[in-house]
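Subject: Structure for your review

Dear colleague,

Please find the structure below, together with its sequence. My notes on its pockets, its cavity and its salt bridges follow.

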Amino acid sequence: MNAKVNGIQMAYTDEGAGRTLLLVHGFPLNRHAWSPQVAAFRKDFRVVAPDLRGLGESEGTAGAVAMVRYAEDLQALMVYLGTGPVILAGHSMGGYVALAFARAFPQALRGLVLVGTRAGADAPAAAAARRASAEQVRADGCAGLVAAMAAKMLSPGHADPAMAAAVRGFMTPSRPEGVIAALLGMAERPDAGGWLGQIRVPTLVVAGAEDTIIAPAESESLAKAIPGAQLKLVPQAGHLVAFEQAEAFNAALGTWLELSMA
Ligand code: MLT
């Protein structure tokens, strides 16, 4: 599906009925990375999964996109769809966006699920590497970045070629303009650590125990800093934990939804 929201044509999946679970993908992925969750939760929830501005099939804009801008897009999509407050799940960069959303629109939130993500800003060297990567994408296109990122999304021991191909498939629709905008936006994102104590909704933090992009220790710190948050580390899973170990992830999310969001 497709709608004009917040000045861009936004692509999204919208399935099921009931309370809304809003799923926000990471970088440089698209909404289909959440397909096992859409399939599992649409029987009990309205599951909405957009492609973020400039990624997947959503229209992009030139220049850096701040995490709060993506959050404003989500809020505009919620208004367009008439969802009311949502349970918001964000993976990695989607988690940076979810934290920006929680800060900007606390009244629009029922619950928060932070997956393979962190609250801290980039250290200067990491921000510089992102800007260099943006320059490379500007010069050569996305193929190099996609190959490098795709190789790190699953756990190091993961040998299923079909799953690795699916992960590359989640990245290939993203175009240089959107990838550059996200890289520059992530490089300039503020540190969200200082206000985590103000989060007032039930929160679940999930990480793949073998995540080599964002260390599980970051998730442990997040869970400690958010009042009442629960932490789940999923074994034999890398950065894209919800896809790689979908059954274990869905079981953890389902239990938490049942106990915390009833
Ligand atoms: C992501 O998966 O969204 C990215 O790896 C996040 C990041 O690069 O910080």
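The lining of the largest pocket comprises 15 nonpolar, 4 polar and 4 charged residues. Please bear in mind throughout that the model is predicted.

**Largest pocket**

This pocket encloses about 460 Å³ of space. It is lined by 23 residues, and those closest to its centre are Phe 27, Arg 130, Met 149, Lys 152 and Ile 213. Four elements give two or more residues each to the lining, namely α3 (93-104), α4 (124-140), α5 (143-153) and α7 (176-187). Of these, α5 supplies the largest share, with 5 residues.

**Second largest pocket**

The second largest pocket has a volume of about 240 Å³. Among its 18 lining residues, Met 67, Tyr 96, Ala 100, Pro 190 and Ala 192 are the closest to the centre. Both α2 (67-81) and α3 supply at least two residues of this lining, and the largest share, 5 residues, comes from α3. Helix α3 is also one of the elements that give two or more residues to the lining of the largest pocket. By class, the second lining has 11 nonpolar, 2 polar and 5 charged residues.

**Cavity**

The structure holds 1 cavity of 30 Å³ or more, and the volume of the largest cavity is about 70 Å³. Its lining has 8 nonpolar and 4 polar residues, and no charged ones. Histidine appears in this lining as His 25, His 91 and His 239. Other members include Gly 26, Leu 29, Ala 33, Trp 34 and Val 115. Helix α9 (residues 241-244) gives the most to the lining, with 3 residues; the lining residues Val 241, Ala 242 and Phe 243 fall within that range of numbers.

**Salt bridges**

A search of the whole structure finds 10 salt bridges. Three of them may be of interest to you.

In one, the side chains of Glu 57 and Arg 31 meet at 3.0 Å, N to O. Glu 57 is in the loop between β4 (46-50) and α2, while Arg 31 is in the loop between β3 (20-24) and α1 (35-41), so this pair ties together parts that are 26 residues apart in sequence. Arg 31 has a relative accessible area of 7% and is therefore buried, the cut-off being under 20%. Arg 31 and Glu 57 also belong, with Asp 51, to a network of salt bridges.

In another, Asp 122 pairs with Arg 189, and the closest N and O atoms are 2.7 Å apart. Asp 122 lies in the loop between β6 (109-115) and α4, and Arg 189 in the loop between α7 and β7 (203-208), so the pair ties together parts that are 67 residues apart in sequence. Asp 122 counts as buried at 14% relative accessibility, and Arg 189 is buried too, with a relative accessible area of 6%.

The other pair lies within a single helix. The side chains of Arg 138 and Glu 135 form a salt bridge at 3.5 Å, N to O. Both residues are in helix α4, 3 residues apart, which is about one turn of the helix. Glu 135 counts as partly exposed, at 45% relative accessibility.

With kind regards

Terms used:
Residues are numbered from 1 along each chain as its sequence is written. This is a predicted model: local features need pLDDT of at least 70, side-chain atom pairs count only at pLDDT 80 or more; totals for chains, interfaces and linings use all residues. Side-chain values use heavy atoms; hydrogens and water are left out. On a 1 Å grid over the protein atoms alone, a cavity is a set of points where a 1.4 Å probe fits but cannot get out, and a pocket is an open set with protein on both sides within 12 Å along at least five of seven lines; lining residues have an atom within 4 Å of a point. Grid points are joined across faces, edges and corners, and a volume is the space filled by probe spheres set on the points. Ala, Val, Leu, Ile, Met, Phe, Trp, Tyr, Cys and Pro count as nonpolar, Asp, Glu, Lys and Arg as charged, and the others, Gly among them, as polar. A salt bridge is a side-chain nitrogen of Lys or Arg within 4 Å of a carboxyl oxygen of Asp or Glu. Buried means under 20% relative accessible area, exposed over 50%, partly exposed in between (1.4 Å probe, protein chains only).
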